[in-house]
Amino acid sequence: MNERRKIAVLAAACLAAALATGAMFLVNGKLHAQSNTQPAAAAPSPPGTQTAPNMIPIGEVPYYAEWASSPHADHTAEAFNHWNKEGAIPVECARCHSTPGFEEYLGADGGAFGAAHHPAPIGTVITCAACHNDKARALTRVVFPSGLIVDNQGADARCMACHQGVESTNSVNKAIAGTADDDVNTKLEFINVHYRAAGATMFGTMAKVAYEYPGKTYAGEFHHREPYTRCTTCHELHTVAVKVVDCAACHRQVTDKPSLHLIRVSKIDYDGTGNADEGVAQEIDHLREKLLAAIMAYAKAVAKNPIVYSLEDYPYFFVDTNGNGVADKDETRFPNRYKTWTPRLLKAAYNYQFVIKDPGAFAHNPTYTIQILQDSINDLGAKVKTDMGKVTRP
Ligand code: HEC
Ligand code: HEC
Ligand code: HEC
Ligand code: HEC
Ligand code: HEC
């Protein structure tokens, strides 16, 4: 397909998606274009023969199949269904969890850049129209939740508009202001930085979305060898899968997706295990495990209330009522959430969540990730014994 044809088809596809209030999706492998103003299409036609409302066969839309297989098009995902009972996506969530909300954030609805203005209808995913409109194309600036700004990010600015988290060093400092480091304050709640904040990890201290301890210096943007410096060069544009084959060209450890975790170049033992040959991802995993152990020891010794973490259950930190060190099913319910936070504990828990909820942190910014993990462990180390051995801070 030549370039002009591609663009014409893309424009048509975006128009179709916009007409369909941003919703074009596959149900049982079949395409539906659903609209608020027109009744949804009747019986779906067999795959390959469907046409968008403007009669462009879906098979001719460039990257349609790639996008359709991506998490951005997964209409069954929790990230697009969380509000089904409420019937609408609240304004503060809409900008990252719906196409109309993202368009409003960009100002593509004619409004100002920087916020959604209306609750979004449920039932949309992140369609072509979200990333391909005039405002999206012109967007090169990223405004992080700390208020910090980075410019000249090209197409990556689109990714980072959503993959940036919702809290920051500032918001944590604001919450803990006025409480001494080791005093329990039952008004404090866990602060959840949110999920897959890859852009915030990549920009490190230029974004200050992780909790940064006063008096320490932190790494800024991770500069990997060109051209693998961007969201849109390490990840496929539309499937958003990591380009594993490309990585293998330089990193001999890589043979498949899981082996990305074995990538290692630097020769420093970051986690104090004495092994500097394991993958940098494994160094990070070990530091994270040590941080959780320190969090648990501190909660018991200083906050006098044992804590457990559960990866899948909001809000993640719970009281270990039976004291067995494991997040049991009857403990991971919302009413049993951890409520005896001290500032020191809250900061460490915040960073633990930041790292574990960015599974690509080792590739997005290994230095920054290691720094915040080590600093969190050492800060708890002021009160409890931690298992750090001889570690070097990068
Ligand atoms: C700055 C963008 C942004 C904002 C604002 C935002 N989210 Fe998210 N949210 C994300 C991203 C990115 C993910 C994807 C995580 C993933 O891939 O699993 C996500 C995932 C989720 C998930 C799925 C979690 C899971 O484990 O599968 C839920 C639920 C969610 N968000 C709720 C909310 C709620 C509620 C709000 C509003 C109070 C909100 N989000 C606001 C970016 C955002
Ligand atoms: C999450 C954001 C996102 C979504 C969703 C998305 N794209 Fe893209 N697409 C990009 C980015 C980023 C680029 C590269 C920069 C650019 O050209 O705007 C791109 C580039 C393109 C290009 C030009 C690349 C080339 O090889 O000529 C086409 C055509 C395209 N997208 C079509 C689509 C279609 C059709 C859909 C929906 C089926 C879609 N995109 C969904 C982000 C997205
Ligand atoms: C409008 C907000 C938005 C934009 C723009 C966006 N994303 Fe996402 N992204 C999300 C949400 C929400 C999810 C979770 C979807 C799901 O759970 O299926 C997600 C999921 C992902 C995932 C999979 C995470 C997982 O849990 O498996 C990757 C990788 C990803 N996005 C990369 C990108 C890249 C690269 C770009 C830019 C080309 C981008 N995203 C643009 C909101 C966005
Ligand atoms: C140096 C290459 C590189 C760069 C640059 C990069 N990523 Fe990643 N990303 C990865 C790797 C490697 C993973 C981990 C994949 C895995 O564990 O299977 C990952 C994971 C992710 C995930 C989580 C996927 C999952 O399966 O849960 C998201 C979301 C993501 N990246 C988004 C982005 C965004 C947005 C940007 C730009 C700010 C970006 N990435 C920049 C390599 C990169
Ligand atoms: C052209 C060669 C080349 C390619 C291709 C390449 N890398 Fe790298 N990578 C390097 C070099 C050189 C370093 C060390 C210096 C630096 O950071 O630039 C590195 C460092 C890393 C590190 C940090 C390792 C450590 O021990 O700190 C990670 C993680 C990484 N690369 C991931 C990836 C991923 C994921 C891909 C594929 C998307 C990739 N790289 C593709 C050359 C490459």
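**Exercise 1. Val 240 in this predicted model**

Work out whether Val 240 is buried, partly exposed or exposed, and say where it sits.

*Solution.* Start with the neighbour count: Val 240 has 16 other C-beta atoms within 10 Å. Buried would take 20 or more, and exposed 12 or fewer, so Val 240 comes out as partly exposed. Next, find its place: Val 240 belongs to the loop between H11 and H12. Finally, check the backbone. Val 240 isn't a glycine, yet its phi is positive, near 55°. Keep in mind that all of this comes from a predicted model.

**Exercise 2. The loop between H10 and H11**

Find what the backbone does at Lys 208 and at the bond between Glu 226 and Pro 227.

*Solution.* Take Lys 208 to begin with. Its phi is positive, about 50°, even though Lys 208 is not a glycine. You'll find Lys 208 in the loop between H10 and H11. With 19 other C-beta atoms within 10 Å, Lys 208 is partly exposed; the bar for buried is 20 or more.

Now go to Pro 227, which is also in the loop between helix H10 (198–203) and helix H11 (231–234). The peptide bond from Glu 226 to Pro 227 is cis, with omega at about 0°.

**Exercise 3. A cis bond between two strands**

Which residues does the cis peptide bond with omega of about -5° join?

*Solution.* Look at Tyr 314 and Pro 315: the bond joining them is cis, with that omega of about -5°. Then place the proline. Pro 315 is in the loop that runs between strand S7 (307–309) and strand S8 (317–319).

**Exercise 4. Asp 181 and its contacts**

Work out which residues Asp 181 touches beyond its neighbours within four places in sequence.

*Solution.* Place it to begin with: Asp 181 is in the loop between helix H9 (169–176) and H10. Its contacts, leaving aside those sequence neighbours, are Thr 342, Pro 343 and Arg 344. Now try Leu 345, which is 164 residues away from Asp 181 along the chain; the two C-alpha atoms are separated by 8.4 Å. As for exposure, Asp 181 has 14 C-beta neighbours inside 10 Å, so it counts as partly exposed.

**Exercise 5. Helix H5**

How many of the eight residues of H5 are buried, and what do the buried ones pack against?

*Solution.* Go along helix H5 (residues 99–106) and you get eight of eight buried. Among them are Pro 100, Phe 102, Tyr 105 and Leu 106, and also Glu 103 and Glu 104. Next, list the partners. The buried residues pack against two strands, S3 (88–89) and S4 (120–121), and against helices H4 (91–97), H6 (128–131), H7 (134–138) and H8 (156–162). Then step past the end of the helix: Gly 107 follows H5, and its phi is positive, near 90°.

**Exercise 6. Two ligand shells**

Describe what surrounds ligand 2 and ligand 5.

*Solution.* Begin with ligand 2. It has 20 residues around it, and Pro 62, Trp 67, Cys 128, Cys 131 and Ala 155 come nearest. Helix H1 (3–19), helix H2 (64–68) and H6 each give two or more residues to this shell. Sorted by class, the ligand 2 shell holds 13 nonpolar, four polar and three charged residues. At least three residues come from each of domain 1 (3–132) and domain 2 (169–305 + 340–380).

Now for ligand 5. Of its 20 surrounding residues, Cys 247, Cys 250, Val 265, Ser 266 and Val 280 come nearest. Helix H12 (244–248) and helix H15 (361–364) are the elements giving two or more residues. By class, the ligand 5 shell has 13 nonpolar, three polar and four charged residues.

Methods:
Residues numbered from 1 in each chain as written. Chains lettered and ligands numbered in written order. Predicted model: local features only at pLDDT ≥ 70, side-chain atom pairs only at ≥ 80, totals over all residues. Helix = DSSP H or I, 4+ residues; strand = E, 2+ residues; numbered from the N terminus. Contact = placed C-beta atoms within 7 Å. Near = placed C-beta within 6 Å. Nonpolar A, V, L, I, M, F, W, Y, C, P; charged D, E, K, R; others polar. Domains from an automatic or database assignment.
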